[in-house]
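Subject: Structure for you to look at

Hello,

The structure I said I would pass on is below. My notes follow it.

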Amino acid sequence: MSPAPKVAVILINRDGYALTEACVQSLVETRYPNLLIVVTDNGSKQADLDKLAQLAQREKTVRIHPLGYNAGFTKANNAGMEVALRDHHADYLWILNNDTEVRKDAVELSLRACSECNLDPRETLVSSIITYADNDNIWCNGLRDLPWANFPKSVDKGLPAAEVARPGIELKAAEYSVGCSMFFSHEFVKAHGFMNEEFFIYYDDLDYSLGRKNVFIQQPLVKHKISSTAGVKGSTRYTPFQSFLFAKNGVHFYFHKKKIPAYEKLIYLGFTTWVFVLLYVRDWPTLQGHLQGLRAGLFWDPAAAGTCPTPSKKPGP
């Protein structure tokens with residue numbers, strides 16, 4: 001009998017040990033026999049690093065890869081994937097948010113989807129129904145753009161998972177995958193490389209899955225610890241840095257990567273981007289960050305990826 005394929009899960013930690021530990025524990029409880037968990041640390045404080053080291057001592061499947069600084073979502077995932085492929089010869093990679101927990105059969109069903117459904121390993125990203133952690137409603141069952149407006153919409157969001165889920169391995173196609181949970185073969189990386197580090201964070205998953213075969217297993221295999229009523233737990237607003245990156249990367253993705261037509265660009269600049277402002281911008285510095293991000297996205301400079309210019313003036317009273 002051939003050995004089980006090696007599955008490497010890539011988690012990113014930044015001063016979030018409690019979340020990371022819970023996610024690791026859920027992965028260990030899958031009892032998959034050839035599991036590797038690579039925790040890329042994005043510049044956590046020493047207390048978190050010490051706890052991660054203790055976790056790796058307890059759980060032999062865990063490897064800690066500290067970067068020493070906040071490299072962002074894309075670079076940290078790439079570093080973890082490189083470790084998994086170069087040092088451990090992983091057959092499959094699973095990019096997974098550290099603020100998730102997985103069902104006990106999540107690895108098994110993801111592998112079965114890859115092997116039993118005639119999926120091209122060079123082109124396919126596999127995910128599943130992802131629910132909120134505080135109830136069984138759907139957080140995401142694929143991503144698609146709203147027509148003309150180009151605002152990425154989470155499919156089936158808010159619906160009870162029981163109404164959508166199907167037994168066995170039924171796959172649903174999607175326009176994009178979601179960075180919270182992406183499962184794919186080492187052959188995908190060989191064909192397309194790592195994630196585009198110009199994005200740092202936000203729209204990186206749309207970029208990585210653009211033009212690929214994105215499928216979602218119609219079972220709730222992942223719970224995401226994000227509030228079902230108020231966005232990210234404890235936060236209903238973006239920081240100026242987040243606002244800058246979201247605006248910059250959105251324009252860059254739709255204008256320079258997806259290359260939407262001119263009339264959709266006008267809709268995006270005149271309408272879509274202001275939906276974000278209404279939802280998440282609460283002060284003048286954050287609005288400044290958003291406006292600077294729009295400009296940076298229009299006049300994209302790869303050297304400025306992941307940076308946010310300091311406003312030239314202090315916010316007014």
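Leaving aside neighbours within four places in sequence, which residues is L27 in contact with? The model is a predicted one, and in it L27 is in contact with V9, L11, L35, I37, W94, L96 and V102.

Core

L27 belongs to the largest nonpolar core, which has 65 residues. L27 is listed there among the residues with the most contacts inside the core, together with L11, W94, L96, Y203 and Y254. Helix α8 supplies the largest share of this core, with eight residues. There is also a second, separate core, made up of 20 residues, including A8, F73, M81 and F184.

Helix α8 and N249

Helix α8 covers residues 240-257, and N249 lies in this helix. N249 counts as buried because its relative accessibility is 0%, the cut-off for buried being under 20%. Not counting residues up to four places away in sequence, N249 touches E198, F199, I201, Y202, Y203 and W300. Y203 thus appears both in that list and among the core residues with the most contacts.

Positive phi values

Most residues other than glycine have a negative phi, and the following residues are worth a look on that account.

- Y203 has a positive phi, near 70°, and is not a glycine. Y203 sits in the loop between α6 (186-192) and α7 (204-209). With a relative accessible area of 7%, Y203 is buried.
- H89, also not a glycine, has a positive phi of about 50°. H89 is in the loop between α3 (72-86) and β4 (92-96). Its relative accessibility is 59%, so H89 counts as exposed.
- N118 comes just after α4 and takes a positive phi of about 55°.

As for α4 itself, residues 106-116, the buried positions in this helix are A106, V107, L109, S110, L111, A113 and C114.

Helix pairs

How are α1 and α2 oriented to each other? Helix α1 (residues 17-28) packs on helix α2 (residues 46-58) at an angle of about 15°, and their axes are 10 Å apart. Angles under 35 degrees count as roughly parallel, and α1 and α2 are therefore roughly parallel to each other. Their crossing is right-handed. On the α1 side the contact is made by Y17, T20, E21 and V24, and on the α2 side by D48, K51, L52, L55 and R58. By class, the residues of this contact are four nonpolar, one polar and four charged.

Helix α9 (residues 262-280) and helix α10 (residues 284-298) pack at an angle of about 140°, with axes 11 Å apart. The pair is therefore oblique; roughly antiparallel would need an angle over 145 degrees. The crossing of α9 and α10 is right-handed. Here L269, T273, W274, F276 and V277 of α9 meet L287, H290, L291, L294 and L298 of α10. The residues in the contact of α9 with α10 are eight nonpolar and two polar, with no charged residues, whereas the contact of α1 with α2 has four charged residues.

If you open the model, L27 and its contacts, V9 and L11 among them, would be a place to start, followed by N249 in α8.

Regards

Definitions and conventions
Residues numbered from 1 in each chain as written. Predicted model: local features only at pLDDT ≥ 70, side-chain atom pairs only at ≥ 80, totals over all residues. Heavy atoms only, no water. Axes fitted to C-alpha atoms, helices over the stretch in contact; angles between N-to-C directions. Helix = DSSP H or I, 4+ residues; strand = E, 2+ residues; numbered from the N terminus. Parallel < 35°, antiparallel > 145°, perpendicular 65-115°, else oblique. Left-handed = near helix turned anticlockwise from the far one by under 90°. Contact = heavy atoms within 4.5 Å. Nonpolar A, V, L, I, M, F, W, Y, C, P; charged D, E, K, R; others polar. Buried < 20%, exposed > 50% of the residue type's maximum accessible area, 1.4 Å probe, protein only. Core = buried A, V, L, I, M, F, W, Y, C linked by side-chain atoms within 4.5 Å.
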